[in-house]
Amino acid sequence: MIKIAIVEDEESHRLLLQRYVERFAKETSLEVQIALFGDGLDFLGRYGSGFQIVFMDISMPNLDGLETARRLRAMDTEAVLIFVTSLANYALKGYEVDAMDFLVKPIDYFPFYHRMERAIRLCQKRQKVYLLLPSADGKVRIELEDIRFVESQLHYLVYHVDKESYRVRGSLKDLPESLQRLPFARSSNSYLVNLSYVRRVQGDNITLQGGETLPISRSRKKAFLETLAVFYGDRK
């Protein structure tokens, strides 16, 4: 379920965006929950548990979209924000509040579809996923994004998380499904690397943020670099 807010003072544009979201959801078999707001103050006052995607008109009475977005960011830094405006030059200010993109009125479905598709990918990346790993005190819950790399040692896997490491019996082929897709990629038969931490690939080595150096095999180097390019391309 993706929770989507539409903050727009003009009813015709508000209802058009609602129809576009519903059409996109039907075409992509996506389950959505839509909330409509006529102004920024109403939106902020009823924010509650939050939204994954927010369509925000820039020009609104009482509290404009930019100020509404600034207050939103004080509560929620993760929501994907898309500005809606009649003047494209105003939308450039959206980068001040980490807006993903903007739509220019009158809004056509084709550009809306592509903004929505990209927003969904960002939402999926931002959903927190956890693993339960054994520790000296029993079990510890680790956020997937905090895993820097996984190392295979004989019949064990070593999860490297910040300055800690956790040893679990198993092999790379038995990894959870959540570790078998982006942002993770195999650099060799013994290493699975979180691409978010890659600082440099040079020769037969990968340097991570923090200074660790990991090997990259010749047989996996091309695929690894292609996956790395896709990963950073999607983050733009």
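This text walks through the helix packing, the strands, two backbone details and the pockets of a predicted model.

Residue numbers start from 1 in each chain and follow the written sequence. Because the model is predicted, local features need pLDDT of at least 70 and side-chain atom pairs count only at pLDDT 80 or more, while totals for chains, interfaces and linings use all residues; side-chain values use heavy atoms, with hydrogens and water left out.

Start with two helices. Helix α1 covers residues 11–28, and helix α5 covers residues 109–126. Helices here are DSSP runs of H or I with at least four residues; strands are E runs of at least two; both are numbered from the N terminus. α1 and α5 pack at an angle of about 65 degrees, and their axes lie 10 Å apart. Axes are lines fitted to C-alpha atoms, for helices over the stretch in contact; angles run from 0 to 180 degrees between N-to-C directions. The crossing of α1 and α5 is right-handed. That term applies if the near helix is turned clockwise from the far one by less than a right angle; anticlockwise is left-handed.

Which residues of α1 and α5 meet? From α1 come Leu17, Tyr20, Val21, Arg23, Phe24, Glu27 and Thr28. From α5 come Tyr109, Phe112, Tyr113, Met116, Glu117 and Ile120. Contact means heavy atoms within 4.5 Å. The residues of this contact divide into 9 nonpolar, 1 polar and 3 charged. Ala, Val, Leu, Ile, Met, Phe, Trp, Tyr, Cys and Pro count as nonpolar; Asp, Glu, Lys and Arg count as charged; the others, Gly among them, count as polar.

Just ahead of α5, look at the backbone. A cis peptide bond joins Lys105 and Pro106, with omega about -5 degrees. Pro106 sits in the loop between β5 (101–104) and α5. A second detail is at Asn62. Asn62 is not a glycine, yet its phi is positive, about 70 degrees. Asn62 lies in the loop between β3 (53–57) and α3 (65–75).

Now the strands. Two strands pair if DSSP finds at least two bridges between them. Strands β6 (residues 130–135) and β7 (residues 138–143) run antiparallel and are joined by 6 bridges. Leu131 has Ile142 in β7 as its bridge partner. The hairpin from β6 to β7 passes through 2 residues.

An open sheet of 5 strands follows the order β10-β9-β8-β12-β11, and its pairing is antiparallel. Its edge strands are β10 (164–169) and β11 (184–188), each pairing on one side only. Neighbouring strands of this sheet are turned by 20 degrees against each other on average, direction ignored. At one edge, β9 (residues 156–161) and β10 are joined by 6 bridges. There Tyr156 has Arg169 in β10 as its bridge partner. The hairpin of β9 and β10 has 2 residues between the strands, and Asp162 takes a positive phi near 50 degrees in it. At the other edge, 4 bridges join β11 to β12 (residues 191–194). Phe184 stands opposite Asn194 in β12.

Another open sheet has 3 strands in the order β13-β14-β15, again with antiparallel pairing. Here β13 (198–202) and β15 (213–215) are the edge strands, each pairing on one side only. Neighbouring strands are turned by 25 degrees against each other on average, direction ignored. β13 and β14 (residues 205–208) pair over 4 bridges. Gln202 has Asn205 in β14 as its bridge partner.

Turn last to the pockets. A pocket is an open set of points on a 1 Å grid over the protein atoms alone, where a 1.4 Å probe fits, with protein on both sides within 12 Å along at least five of seven lines; lining residues have an atom within 4 Å of a point. The largest pocket has a volume of about 940 Å³. A volume is the space filled by probe spheres set on the points, which are joined across faces, edges and corners. The largest pocket is lined by 30 residues, with Leu122, Gln124, Lys125, Arg126 and Phe231 nearest its centre. The elements giving two or more residues to this lining are β4 (80–85), α5 and α6 (218–234). α5 gives the most, with 6 residues. The lining divides into 11 nonpolar, 5 polar and 14 charged residues.

The second largest pocket has a volume of about 190 Å³. Of its 11 lining residues, Phe51, Gln52, Glu78, Arg126 and Gln127 are the closest to its centre. This lining divides into 3 nonpolar, 4 polar and 4 charged residues.
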